[in-house]
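Biologist: Got the model open. Can we start with the pockets, then move to a sheet?

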Amino acid sequence: MEKLIISGGQKLEGVIPISGAKNAALPLMCTPLLTDEAVTLTNLPRLADISTLSDLLNHMGVSIMIAGGSGGRAKGRSLTFDASNITDTVAPYDIVRKMRASILVLGPLVARAGEAIVSLPGGCAIGNRPIDLHLKSLEALGAIIDLEQGYVRASAPKGLRGGVIDFPFPSVGATENALMAATLAKGTTTINNPAQEPEIVDLANCLRAMGANISGDGTEKIIIEGVDRLHGATHAVMPDRVEAGSYAVAALMTKGNILLEGARASDMQAALDVLTEIGAVVSEEPNGIRVKSNGHLHGFHLTTEPFPGFPTDMQAQFMALAAIAEGTSSITEAIFENRFMHVPELCRLGADISVNGSQAVIEGVDTLKAAQVMATDLRASMCLVLAGLVAEGETHINRLYHLDRGYERLEEKLRFVGAKVDRVSA
Ligand code: UD1
C-alpha cells in the first residue's frame, strides 16, 4: 500500500499540462466494438481505469496496440484498437466490479454482435447508481433484456432498430450506451433529454469520424440515423475538465497562479464562474486557461447539476475550498445521494462542516491542520489532496488506488508548480 505525504503551505505557480479526459476516454474505447476496422485514440491518459477497460476489451478479443506517433509524456498515449474478431461477448464480474464504466460495452456489443452479457457494475461507492436507464434505452431499440445471476443479458439477434428514448433525467452513461448502439440500428433514433456533457459531444465526434450519422449532441435532443456499418478512424480524446478544475481550485486555495495547459473554458464555465465569484482571476490564453488568486476567498453557495450546470465531479474539490473560505458556504449535491464521504475526513483536518441530507454547510476556518486521512472515492481523494496543500504540517493520505484511477501523474504535476508531495510505501 502506498500513501501520499503532503507538506502544506506552498503557493503553487507555473504550468500544469492537462491530460486526456478519463470520462471521455472510457466511452471512446468502446467505439471500436462497433466496427471491424481499426480505431486509433490519441491523447489517452495513463490511468488505472484505462488499463481495466483495456483488460476487458482484450478479454473480448479486441487487440490493442501502441500506435506510432505517441507524443511525449505530456501528450498522452495513442492506442489502436482492432475489434475485427470479437471472440467473447461476456464482460465478467472480476473485471467489471473494478469499474462501473464497464457497462459501456453493453450498447456497442449488442449492436454489432447481437448479444452482450455484462456483470452488474461496481465502481465508486457514491450512491445506489442503478443502470435501469441504460437497459430501458436498449429495450427502446428492440433489445431483449434479461437479468440472471448478477449479469445483464442484452440480445438482438436480428439487429437493433431505431426508436424513441425518453430519459426522465439526463444520465451520462445511459446516453453514451444509447448513442453507440443507435449508430448501427436500422432507422432513426431520437434521444430526448440526453446528457449534454462535453464528453457526449466528444463521443459523437468520434462516431461521426467512423461514419455515423448523428446530430443534436450537446443539446436537448439527439437524432441518430442508423448506418449499415462503421469504419475505422483516428480521434483525439478531449482534455480532462475535472482534472483542470481540480488544479484550478489548487491555484486559488494556495493563492497561486497556474496555467492549465490545454484546458478549454467552454467545457467548464460553471466551475470557472464560481471560482471567479470566490476570488479567482480567470483568463483564457492561447494554450489554456490561467487561474490566479486575487487574494480573497469569499464563501459561496452551489448546487450540482447536469451540464451545463456545476458538475458533481467537482463538488468535493470545492468543499476543500469552502473549508478555508471566509464566512459560510453551502454545497447541495443533487446528482448522487451519497457523495459527502469526504466530509468526515476534511473535518479531521480541522474543517467545520455539517451535513443535512443533500446539503453541506461549511463554516470557513482560518487554517486546516495536517492529519492522517483516508481517501474514499476518486473525487473525494482529490479533495483531501487539495486540503493537504494548505494544511499546516504533513498530511498523510492513505488508500491511493482511487486517485490512480483518475489523476495522471498527480505528484509530478503538483511538484511542477511547487508543491511538496511524495508517494511512499505505507
Ligand atoms: C458519469 C461519470 C461520473 C459523473 C457522472 C455525473 C463517467 C465514466 N462517469 O457517471 O464521473 O459523476 O457521470 O456527471 O463518465 N441513474 C439512474 N439510472 C441509470 C443511470 C443513472 O437512476 O440507469 C442516476 C444515477 O444514480 C445518478 C444520475 O442518474 O443519480 C446521473 O448518473 P449518470 O449521469 O448516469 O452517471 P454515470 O454515467 O454513472
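Modeller: Sure. Keep in mind that this is a predicted model. In the largest pocket, helix 1 gives the largest share of the lining, four residues.

Biologist: What volume does the largest pocket have?

Modeller: About 1,100 Å³. The lining counts 44 residues, and Arg100, Arg129, Val172, Gly173 and Phe336 are the closest to the centre.

Biologist: Which elements give two or more residues to that lining?

Modeller: Helix 1 (22–30), helix 5 (132–140), helix 6 (172–183) and helix 12 (378–390). Domain 1 (2–15 + 240–425) and domain 2 (23–236) each supply at least three lining residues.

Biologist: And by class, what is in the lining of the largest pocket?

Modeller: 21 nonpolar, eight polar and 15 charged residues.

Biologist: What about the second largest pocket, how many residues line it?

Modeller: 15, with Gly159, Leu160, Leu184, Lys186 and Asp228 nearest its centre. Its volume is about 170 Å³. Eight lining residues are nonpolar, three polar and four charged.

Biologist: Now the sheet. What is the strand order in the open sheet of four strands?

Modeller: 2-15-17-16, with mixed pairing. Strand 2 (13–17) and strand 16 (280–285) are at the edges; each has a single partner strand, so one side of each lacks a neighbour in the sheet.

Biologist: How do strand 2 and strand 15 run, parallel or antiparallel?

Modeller: Parallel, joined by five bridges. Gly14 has Ile258 of strand 15 as its bridge partner.

Biologist: Which strands does helix 8 touch?

Modeller: Helix 8 (residues 241–253) touches strand 2, strand 15, strand 16 and strand 17. Its direction makes about 170° with that of strand 15. Helix 9 (residues 269–278) lies across strand 16 and strand 17, at about 140° to strand 16.

Key
Residues are numbered from 1 along each chain as its sequence is written. This is a predicted model: local features need pLDDT of at least 70, side-chain atom pairs count only at pLDDT 80 or more; totals for chains, interfaces and linings use all residues. Side-chain values use heavy atoms; hydrogens and water are left out. On a 1 Å grid over the protein atoms alone, a cavity is a set of points where a 1.4 Å probe fits but cannot get out, and a pocket is an open set with protein on both sides within 12 Å along at least five of seven lines; lining residues have an atom within 4 Å of a point. Grid points are joined across faces, edges and corners, and a volume is the space filled by probe spheres set on the points. Ala, Val, Leu, Ile, Met, Phe, Trp, Tyr, Cys and Pro count as nonpolar, Asp, Glu, Lys and Arg as charged, and the others, Gly among them, as polar. Domain bounds come from an automatic or database domain assignment. Two strands pair if DSSP finds at least two bridges between them. Contact means heavy atoms within 4.5 Å. Axes are lines fitted to C-alpha atoms, for helices over the stretch in contact, and angles run from 0 to 180 degrees between N-to-C directions.
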